[in-house]
Amino acid sequence: MLTAPAGELAEQAPEILKKFGPAHAGSSAGDFWVIDLKNVEGWVVAGHHNDVLT
């Protein structure tokens with residue numbers, strides 16, 4: 001999910017992952033939380049970067 005999409009979107013996501021990954025335990029990248037969705041079945045897993053959701 002890109003909160004500020006610009007330029008070539010297919011290039012923007014890998015650049016974010018290169019800059020802010022990988023996630024190591026004990027680092028800010030290793031912190032995450034789960035968001036329970038209200039109107040649909042499922043969850044969203046979020047972490048230290050607002051554009052990276054699972």
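This passage walks through the fold, the overall form and the main pocket of a predicted model.

Starting with confidence, the chain has a mean pLDDT of 80, with 96% of its residues at 70 or more. Among the elements, strand β1 (residues 33-36) comes out highest, with a mean of 87, while helix α1 (residues 9-20) is lowest, at 80.

The fold is quick to describe: the chain holds one helix and two strands, and along the sequence these run α-β-β. Contacts give a feel for how the chain folds back on itself. Taking those between residues at least 6 apart in sequence, 22% link residues at least 24 apart.

As for overall form, the radius of gyration of the chain is 13 Å, whereas a compact globule of 54 residues would come in near 10 Å. Along the principal axes, the C-alpha atoms take up a box of roughly 35 × 30 × 15 Å. Just 13% of the 54 residues count as buried, that is, under 20% relative accessible area. The chain exposes about 4,500 Å², and 60% of that comes from carbon and sulfur atoms.

Then there is the largest pocket, with about 260 Å³ of space. Its lining is made up of 18 residues, and those nearest the centre are A23, A29, G47, H48 and V52. Two elements, α1 and β2 (43-46), each bring at least two residues to this lining. Helix α1 gives the most, with three residues.

Note on methods: Residues numbered from 1 in each chain as written. Predicted model: local features only at pLDDT ≥ 70, side-chain atom pairs only at ≥ 80, totals over all residues. Heavy atoms only, no water. Helix = DSSP H or I, 4+ residues; strand = E, 2+ residues; numbered from the N terminus. Rg over C-alpha atoms; globule rule 2.2 N^0.38 Å. Buried < 20%, exposed > 50% of the residue type's maximum accessible area, 1.4 Å probe, protein only. Contact = heavy atoms within 4.5 Å. Areas by Shrake-Rupley, 256 points an atom, 1.4 Å probe, with all protein chains shown as cover. pLDDT = per-residue confidence, 0-100. 1 Å grid on protein atoms, 1.4 Å probe; cavity = no way out; pocket = protein on both sides within 12 Å on 5 of 7 lines; lining within 4 Å. Points joined across faces, edges and corners; volume = space filled by probe spheres on them.
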